[in-house]
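Reader: Please take a close look at one helix of this model and at what packs against it. Then follow the buried polar groups around it, and end with the charged pairs elsewhere in the chain.

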Amino acid sequence: MSNYKTVFFTLGILQIILGIFMLIPLIVQFFYNEIDSSFFGASIVTIIFGTLFFLSNLDHDKKLNLQQAFLLTALSWLSVAIFGSLPFVFSTIEFSFTNAFFESMSGITTTGSTIISDLESIPKGILFWRAILQWLGGIGIIVMAITLMPIMNVGGMQLFKISNNDSSEKILPKSKEIALRLIYIYSGLTALCAVSYKLLGMNIFDSLTHSMTTIATGGFSNYNDSIGFFNSAKIETIAIIFIILGSIPFISYLKFVHGNKKIFFNDVQIRGLIYLLLFSVIIMFLYLLFIDYDSSILDKIRISSFNVVSILSGTGYVTDDFGLWGKFSLIFFLLLMFIGGCAGSTACGIKIFRLQMLFIFLKNQIKKLIYPNSIIISKYNNQKISDNFINSVIVFIFSFLFIFFIIAMLLSISGLDFITAISGAASAISNVGPGLGEMIGPNGNYKAIPDLSKWVLSIGMLLGRLELFAVLVLFFPSFWRD
């Protein structure tokens with residue numbers, strides 16, 4: 001394993017960082033008089049393992065080749081999910097390892113599915129840890145999407161490669177510097193969100209936890225009724241704003257800071273997100289009018305806007321049980337789950353840019369039918385894109401849907417009904433959180449589903465968060481050949 005010393009050295013650092021973060025909930029436990037040994041014990045175990053990995057690989061070569069980049073990506077998320085489950089296992093609540101791992105994986109992948117049936121009775125330290133996991137998962141996927149995935153050529157992500165030879169992309173020369181700038185921006189947005197929540201009526205604890213899960217588009221809440229608990233249009237408006245800010249490519253923030261003041265208006269993917277949000281909100285608003293939903297016009301706008309933004313971004317906050325709105329709402333929200341937000345953001349799903357690529361491909365195919373001898377040059381965001389690039393996007397979308405059906409089939413075999421299996425699979429691979437139906441719908445949770453289903457969903461969450469191929473490629477023997 002000498003060729004992978006850099007991988008295990010980096011894993012050691014990540015585990016040490018995770019162990020340090022486990023000490024933060026101790027402050028919350030002290031403040032709410034809930035002190036026990038769960039977080040301290042979990043922190044010690046995690047830091048010890050991290051230190052062993054760190055010290056045993058000090059002679060690493062400080063470089064990552066393509067094989068190591070893929071391995072590091074998969075192992076880092078898996079190891080954080082495993083060690084992140086320890087505070088749940090050690091807590092005074094009776095968490096089985098399956099439930100603890102499911103909750104941890106849901107947190108670090110910013111999915112937002114939970115096995116906790118009564119959130120109001122859960123110790124504050126555990127609630128804070130859930131928020132921390134989602135916050136770490138959010139910044140983790142941003143850094144990975146901008147620094148690692150472009151060089152790994154995963155599902156078209158090479159389009160977002162930062163090129164030092166292109167003046168329009170000449171932002172920062174090194175990945176470490178890029179990561180630090182992203183962390184500053186991410187932390188700044190989180191702080192601004194927390195202050196906004198506090199000013200609008202949340203207490204300090206709720207404002208901190210919800211700000212972390214909002215900007216991470218994760219959706220973990222401290223209440224069974226999610227954001228609907230506060231019943232505040234102002235809080236929901238702030239949530240919408242920061243969910244959208246979390247769903248925008250974070251490379252755009254870097255470009256804005258470094259002089260490109262029109263980036264938020266010129267970026268095709270951001271415009272696509274805004275257009276899709278507006279279109280979806282209008283569709284859902286008109287549907288609520290059509291079914292004569294028992295509320296005022298303003299409430300219909302409020303409910304449709306919040307739930308569309310939350311589901312499309314993969315956040316999973318809810319203010320109403322949209323499962324009771326009729327069959328159309330189920331199908332429509334299932335479609336939104338698949339689409340997701342922008343690449344390079346905390347949002348999940350297939351991503352806006354891939355659907356835009358698919359539209360470009362379809363348009364070009366129609367043009368070739370009409371003008372068989374024409375030469376068509378495809379462009380995206382003023383960049384020329386090759387047929388190979390478009391093919392990789394199409395393969396990704398096909399693979400995404402294929403794996404979704406595989407997960408749904410496995411969930412059905414494990415004993416779940418059709419709606420629960422289909423929506424659970426979509427929720428997991430799209431990293432959304434709530435599913436459909438009575439069991440895992442907006443007012444439900446995942447506690448009652450079989451353990452086998454929880455492991456299948458956990459794998460689905462990991463696959464969806466890491467863009468499928470970052471994990472699947474590890475199972476091909478040809479990948480490991482020199």
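Author: A crossing of two helices is right-handed if the near helix is turned clockwise from the far one by less than a right angle, and left-handed if it is turned anticlockwise. The model is a predicted one, and the helix taken here is H7, residues 124-147.

Two packed helices are described by the angle between their axes and the distance between the axes. Take helix H2, residues 24-31, against H7: their axes come within 8 Å and cross at roughly 150°. Angles over 145 degrees count as roughly antiparallel, so H2 is roughly antiparallel to H7. By the rule given at the start, the crossing of H2 and H7 is right-handed. On the H2 side, the contact is made by Ile 24, Pro 25, Val 28 and Gln 29. H7 contributes Lys 124, Gly 125, Phe 128, Trp 129 and Ile 132.

Helix H4, residues 66-84, also packs on H7. Here the axes come within 12 Å and cross at roughly 175°, and H4 and H7 are therefore roughly antiparallel to each other. From H4, the residues involved are Thr 73, Trp 77 and Gly 84. They meet Trp 129, Leu 133, Gly 137, Gly 140, Ile 141 and Met 144 of H7. Trp 129 thus takes part in the contact with H2 and in the contact with H4.

The residue after Trp 129 in the numbering brings in a charge. Side chains of opposite charge can pair when their charged atoms come close. Arg 130 forms a salt bridge with Glu 103, the closest N and O atoms being 2.9 Å apart. Glu 103 lies in helix H6, residues 97-108, and Arg 130 in H7, so the pair ties together parts 27 residues apart in sequence. Under 20% relative accessible area a residue counts as buried. Arg 130, at 1%, is therefore buried, and Glu 103 is buried too, at 0%.

Arg 130 leads on to Ser 221, since the two are in contact. Ser 221 sits in the loop between helix H10 (204-215) and helix H11 (233-247). With a relative accessibility of 4%, Ser 221 counts as buried. Setting aside neighbours within four places in sequence, Ser 221 also touches Leu 119, His 210, Ser 226, Ile 227 and Tyr 317. Its side chain reaches the backbone nitrogen of Tyr 223 at 3.4 Å.

The Glu 103 pair is one of 5 salt bridges in the structure. Another joins Lys 351 and Glu 467, at 3.1 Å from N to O. Lys 351 is in the loop between helix H16 (327-339) and helix H17 (352-370), while Glu 467 is in the loop between helix H21 (451-465) and helix H22 (469-472), 116 residues apart. Glu 467 meets Arg 354 in a further salt bridge, at 2.7 Å from N to O. Arg 354 lies in H17 and Glu 467 in the loop between H21 and H22, so this pair ties together parts 113 residues apart in sequence. Through shared partners, Lys 351, Arg 354 and Glu 467 form one network. The members of this network are buried as well: Lys 351 has a relative accessibility of 3%, Arg 354 of 0% and Glu 467 of 5%.

Notes
Residues are numbered from 1 along each chain as its sequence is written. This is a predicted model: local features need pLDDT of at least 70, side-chain atom pairs count only at pLDDT 80 or more; totals for chains, interfaces and linings use all residues. Side-chain values use heavy atoms; hydrogens and water are left out. Helices (H or I, at least four residues) and strands (E, at least two) are DSSP runs, numbered from the N terminus. Buried means under 20% relative accessible area, exposed over 50%, partly exposed in between (1.4 Å probe, protein chains only). A polar contact is a pair of N or O atoms within 3.5 Å; within protein, one must be able to donate a hydrogen and the other to accept it, and residues adjacent in sequence count only if both atoms are side-chain atoms. Contact means heavy atoms within 4.5 Å. A salt bridge is a side-chain nitrogen of Lys or Arg within 4 Å of a carboxyl oxygen of Asp or Glu. Axes are lines fitted to C-alpha atoms, for helices over the stretch in contact, and angles run from 0 to 180 degrees between N-to-C directions. Angles under 35 degrees count as roughly parallel, over 145 as roughly antiparallel, 65 to 115 as roughly perpendicular and the rest as oblique.
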